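Let's take a walk through a protein model together, stopping at a few spots along the way. Keep the sequence and the 3D view open as you read.

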Amino acid sequence: MFNRILRSRYMVLFSFIIVFLVTSFLIRTGLFIVSLSKADFSAAGVFRIFLLGLDYDLGVALLLTAVYNLYLLFLPAKWSNSIGNKVITYSGLFLVLLISFFSFFAELTFWQEFESRFNFIAVDYLIYTYEVVNNINESYPLPLLIGGVLALVLLVMWLFQRMKIFQLSFESAMPFKRRLLISVIMLAMTVSYPFLLSNAYAESSANRYENELSKAGIYSFFSAFKNNELNYNDFYSLLPKDKAFKLIREELQEQHSTFLSKGNSIKRAIKSDGKFYKPNVIMITVESLSADFMEHFGNTGHLMPALDSLADKNLIFTNMYATGTRTVRGMEALSLAIPPTPGSSIVRRQDNQNLTTVGHIFQKAGYTRTFYYGGDGYFDNMNEYFGSNGFNITDRGRNLKIGDTYRTKRTVIPDQEVHFENAWGISDGDLFKAVVSGADKDYQAGKPFYDFVMTTSNHRPFTFPEGKINRKPGTREAAVRYTDYAIDHFLKEIQKKTWYKNTVVIIVADHCAGSAGKNEIEISKYHIPCVIVNLPEKGRKVISKMCSQIDLYPTLFSLLGWNYESNLYGRNVLDPAFQPRAVLGTYQKLAYLKNDSLVILGPQQKVETFLYLKSDDTQKPDRLSKNVIDQAKANYQTAYDLYKYGGLHQ
């Protein structure tokens, strides 16, 4: 009976499923092997990886063949060996094999970059096809890879022909009742998968690699597409709202600050007893700049001599942590000073205009504000976000997004001012020239300026102008070295300007170069450098307290002696009452680290608690006090509440 079912019109369908499962197994095995040195796998964990992985793979194979399954059910027997059926079968198989093998190739490249199956990042990349396609083209031998994929597709089809799989399918005469039984069973399995096998089932292990290896790329992609934003109140453990705001207000209370209203608000007046300064501020947000690229944090590769030298003479934060693993999350932290909320960054969401950003504080102080980006600011909704929050825009401008609503000025960097460009944008050196030109104009207009500069050179494909440094393009280390060179050249240029003596330059990362590790949230992969150059009070200063990106501007405003209204979660790290803590997250997991106490909040009201040992970067499950758990909940619950219900708006 089983042999008759296999040797039937369903022969091509069943054979494809077998090919898909075998290839998926090989991909999973390969990724498992390269992960062996990075995580400890138990025998049970390995069994779970391949058994659960097989389940996901079967679900994907059934989804890919669902239409063909219906086609075989209703195809009349007299048409089974017709030319029309042969054309449909050959072309359909070619297409589904092409999709499958391209997805396998994409999974390998995605894993190389993020050590993860497809997630929200992959969904975003599908939207921004220009950057992604060109990035792949510049990073990999694309013609060779496309040719390889096509060769694999043709090889499988040749094997099917050689094994007479097509012939058996075309010449089969199967009664409708038997076809109905087979198709209904397969369709029932297909329909049940999204309901019975959530992608979240793969995330039950404390070993992140085990979770990711268990997944299937296509299954994970559609799961991410479906769950782009999570409602905190529906999925996470909650406190009574009044208690949550009471706790966060207690945490944010500091010297010389007064809350402006009672209840569910964090707006407060910050006063300073220090000397008042009003310098220009240029913040260079460096793409993917991990702390461990610097000699100050143990690097011996001499990658950032300029930044290391600046850290020796200026203010450096040695224990600062990014809030996330993507540029838009870093932008959110540096502009809004808010803990990460589940789902996409606020930069990419609806209703993110006219917020109480750091830029709004500069605006009230009389500053012009400009967002500089070496690529196209339509990517990740950057221009819409910054423009809708009062920033002028300077970017490459190769594409225009239909539907932009911001009314600030946009300046496109012209071709004649670009000497090098790749898929992600112009070189950092060219970008900094645009910043200098814009600063000159702002100075001539007689207004102080605040510039938010976002670099791109330290991003795959890691290419930059040749001849600037003694390393060849194409590696992360070379890109880091070039970015350091460009920053050094930029500072030397602006030191010649009249306005430099009253200009503070901040150099900070958006996030680290990689986030993958054995834990869901690998704390060391959030450690970033931050150096503030040319402060009014000269000299070297080291801030070693653990803190977050969100604390950068409250600390800077304190150093400048500013009085201002704050709706920020960030705090002045120099305040005697400051308690070291960091807020970190992925798209779903939210972490609160206070000293060595680590609380991780997840969907399904999940709360995990650990002791974090920085010396060896380990997280040991442990019971923590209710106070620190409630404090973690208060941070994320109130941040989501304020954004969702308008509390972050001006």
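Our first stop is histidine 302, which sits in the loop between strand 3 (280-286) and helix 15 (305-313). Keep in mind as you look that this is a predicted model. Histidine 302 has a phi near 55°, a positive value in a residue other than glycine. Here is some background for that: most residues other than glycine have a negative phi, and most peptide bonds are trans.

A second residue of this kind is asparagine 354, whose phi is positive at about 55° although it is not a glycine. You will find asparagine 354 in the loop between helix 16 (327-336) and helix 17 (358-364). Is asparagine 354 buried, exposed or partly exposed? With a relative accessible area of 43%, asparagine 354 is partly exposed, because that class lies between under 20% for buried and over 50% for exposed.

Now for the peptide bonds. Arginine 460 and proline 461 are joined by a cis peptide bond, with an omega of about 20°. Proline 461 belongs to the loop between strand 10 (449-454) and helix 20.

Helix 20 brings us to helix packing. Two packed helices are described by the angle between their axes and the distance between the axes. For helix 19 (residues 428-444) and helix 20 (residues 476-494), the axes come within 9 Å and cross at roughly 25°. Helix 19 is therefore roughly parallel to helix 20, since angles under 35 degrees count that way. Their crossing is right-handed. On the helix 19 side, the contact is made by Asp428, Gly429, Phe432, Val435 and Val436, while helix 20 brings in Tyr482, Thr483, Ala486, Ile487, Phe490 and Ile494. Sorted by class, this contact of helix 19 with helix 20 has eight nonpolar, two polar and one charged residues.

Next, travel to helix 2 (residues 11-35) and helix 3 (residues 43-64), which pack at an angle of about 145° with their axes 9 Å apart. Helix 2 passes helix 3 in a right-handed crossing. Among the residues that meet here are Phe16, Phe20 and Phe32 in helix 2, and Val46, Phe50 and Leu64 in helix 3. What classes do the residues of this contact of helix 2 with helix 3 divide into? They are 15 nonpolar, three polar and two charged.

Let's turn to the cysteines. A disulfide is a covalent bond between the sulfur atoms of two cysteines. How many disulfides does a search of the whole structure find? The search finds zero. Cysteine 530, for example, is in no disulfide, and the nearest cysteine sulfur, that of cysteine 547, is 7.9 Å away. Seen from the other side, the sulfur of cysteine 547 has cysteine 530 as its closest cysteine partner, and 7.9 Å is too far for a bond, because a disulfide needs the two sulfur atoms within 2.5 Å. Cysteine 530 counts as buried at 0% relative accessibility, and cysteine 547 is buried too, with a relative accessible area of 0%.

Cysteine 547 also leads to our last stop, valine 573, which touches Phe317, Ile543, Lys545, Cys547, Asp551, Thr555 and Phe578, leaving aside residues up to four places away in sequence. Valine 573 is placed in the loop between strand 15 (564-566) and strand 16 (581-585). At 1% relative accessibility, valine 573 counts as buried. Leucine 552 is 21 residues from valine 573 along the chain, and their C-alpha atoms are separated by 8.2 Å.

Terms used
Residues are numbered from 1 along each chain as its sequence is written. This is a predicted model: local features need pLDDT of at least 70, side-chain atom pairs count only at pLDDT 80 or more; totals for chains, interfaces and linings use all residues. Side-chain values use heavy atoms; hydrogens and water are left out. Axes are lines fitted to C-alpha atoms, for helices over the stretch in contact, and angles run from 0 to 180 degrees between N-to-C directions. Helices (H or I, at least four residues) and strands (E, at least two) are DSSP runs, numbered from the N terminus. Angles under 35 degrees count as roughly parallel, over 145 as roughly antiparallel, 65 to 115 as roughly perpendicular and the rest as oblique. A crossing is left-handed if the near helix is turned anticlockwise from the far one by less than a right angle, and right-handed if clockwise. Contact means heavy atoms within 4.5 Å. Ala, Val, Leu, Ile, Met, Phe, Trp, Tyr, Cys and Pro count as nonpolar, Asp, Glu, Lys and Arg as charged, and the others, Gly among them, as polar. Buried means under 20% relative accessible area, exposed over 50%, partly exposed in between (1.4 Å probe, protein chains only).
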